[in-house]
Amino acid sequence: LKNLAPLGSRPLISWSLQTMQEFGKFDSIWVSTDHEGIAECAQACGAKIFHRCKEHAADTASSISAVQEFIASHKEVDVLCVIQCTSPFIQPDFLESGYKRVLQGYDSVFSSSRDKKLRWSEMSQANDSTTAINFDPANRPRRQDFKGEIVENGMFYFCRRELVEQGVFQGGRCAYVEIPEEHSIDIDSPFDLAFAEQVLSQDYIQLFM
């Protein structure tokens, strides 16, 4: 099970939960799950458990539907932060940056990273030629001069309750927090997990302990 996969001798989910505790500004920390092992691990890390219904725990269920189920049972929640347990290198400072933007009046704030890839359109039977999307081939940029693009990295989403009720995490006055590339690793495959383990073993990232 991915959320309980060992990383640095600890369950993957414990990394993000520790960061939430270190951040210290959430009124409460909840893990939504229907899995007994995940619930047990999360409780050991100081989180409360919201028992997700089978419908919203299915592989085909969306993240927003699970969060909507949660806020329907918690009328006291007006602002929430959805955090991805598969982003082990999330740091309290990243959450602090997002939190400050909410205090500044933003309705939604999400984590992002900067992608410096040169993009091309997809070829198909209807269109058998590709074209550059985000650069001019006649004026090809050097990587060090290319600003790149802001892309979601899925680490966290601050949003107001009204947006979730509308079925979205982002809307209204929206901002992002740019996360350094080395912290933006998302564990979605055995390769990602092995790479994260290598990052830890080589001390590429100075993690709080």
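Q: Which residue meets Arg 161 in a salt bridge in this predicted model?
A: In this predicted model, the side chain of Arg 161 takes part in a salt bridge whose N to O distance is 3.0 Å. The two partners stand four residues apart in helix 6 (residues 161–166), so about one helical turn separates them. Arg 161 is buried, with a relative accessible area of 10%, whereas its partner counts as partly exposed at 48%. That partner is Glu 165.

Q: Which residues are joined into one network by salt bridges that share partners?
A: A search of the whole structure finds nine salt bridges. Where such bridges share partners, they join residues into one network, made up of Asp 115, Lys 117, Arg 119 and Glu 149.

Q: How many residues apart in sequence are the parts tied together by Arg 114 and Glu 178?
A: Arg 114 forms a salt bridge with Glu 178, and the closest N and O atoms of the pair are 3.0 Å apart. Arg 114 is partly exposed, with a relative accessible area of 30%, and Glu 178 is partly exposed, with a value of 38%. Because Arg 114 lies in strand 6 and Glu 178 in strand 8, the pair ties together parts whose separation in sequence is 64 residues.

Q: Which residue of strand 8 is the bridge partner of Ser 112?
A: Strand 6 (residues 108–115) pairs with strand 8 in the parallel sense, over five bridges. Along strand 8 (residues 174–178) the side chains alternate, with Ala 175 and Val 177 buried on one face, while Cys 174, Tyr 176 and Glu 178 point to the other face and are not buried. The bridge partner of Ser 112 comes from this second group, and it is Glu 178.

Q: Which strands stand at the edges of the open sheet?
A: Four strands form this open sheet, with mixed pairing and in the order 5-7-6-8. A strand at the edge has a single partner strand, so one of its sides is left without a neighbour in the sheet, and this holds for strand 5 and strand 8.

Q: Which residue of strand 7 is the bridge partner of Cys 81?
A: Strand 5 and strand 7 run antiparallel and are joined by five bridges. Within this pairing, the partner of Cys 81 is Phe 158.

Q: Which residues touch the most other members of the largest nonpolar core?
A: The largest nonpolar core has 27 residues, and the elements that give two or more residues to it include helix 1 (12–23), helix 2 (36–44) and helix 5 (92–103). Val 31, which belongs to this core, touches residues including Ile 13, Leu 17, Ile 38 and Phe 50, when residues up to four places away in sequence are not counted. The members that touch the most others are Leu 17, Val 31, Leu 95 and Phe 156.

Q: Is Thr 33 buried or exposed?
A: Thr 33 has its place in strand 3 (residues 30–33), and, leaving aside neighbours within four places in sequence, it is in contact with Ile 38, Ala 39, Ile 49, Phe 50, His 51 and Arg 52. Its relative accessibility is 6%, and because the cut-off is under 20%, Thr 33 counts as buried.

Q: Which residue offers the backbone nitrogen that the side chain of Thr 33 reaches?
A: The side chain of Thr 33 reaches this backbone nitrogen at 3.0 Å, and the nitrogen belongs to His 35.

Conventions:
Residues numbered from 1 in each chain as written. Predicted model: local features only at pLDDT ≥ 70, side-chain atom pairs only at ≥ 80, totals over all residues. Heavy atoms only, no water. Buried < 20%, exposed > 50% of the residue type's maximum accessible area, 1.4 Å probe, protein only. Contact = heavy atoms within 4.5 Å. Polar contact = N/O pair within 3.5 Å; in protein donor to acceptor, adjacent residues only side chain to side chain. Pairing = 2+ DSSP bridges. Core = buried A, V, L, I, M, F, W, Y, C linked by side-chain atoms within 4.5 Å. Salt bridge = Lys/Arg side-chain N within 4 Å of Asp/Glu carboxyl O.
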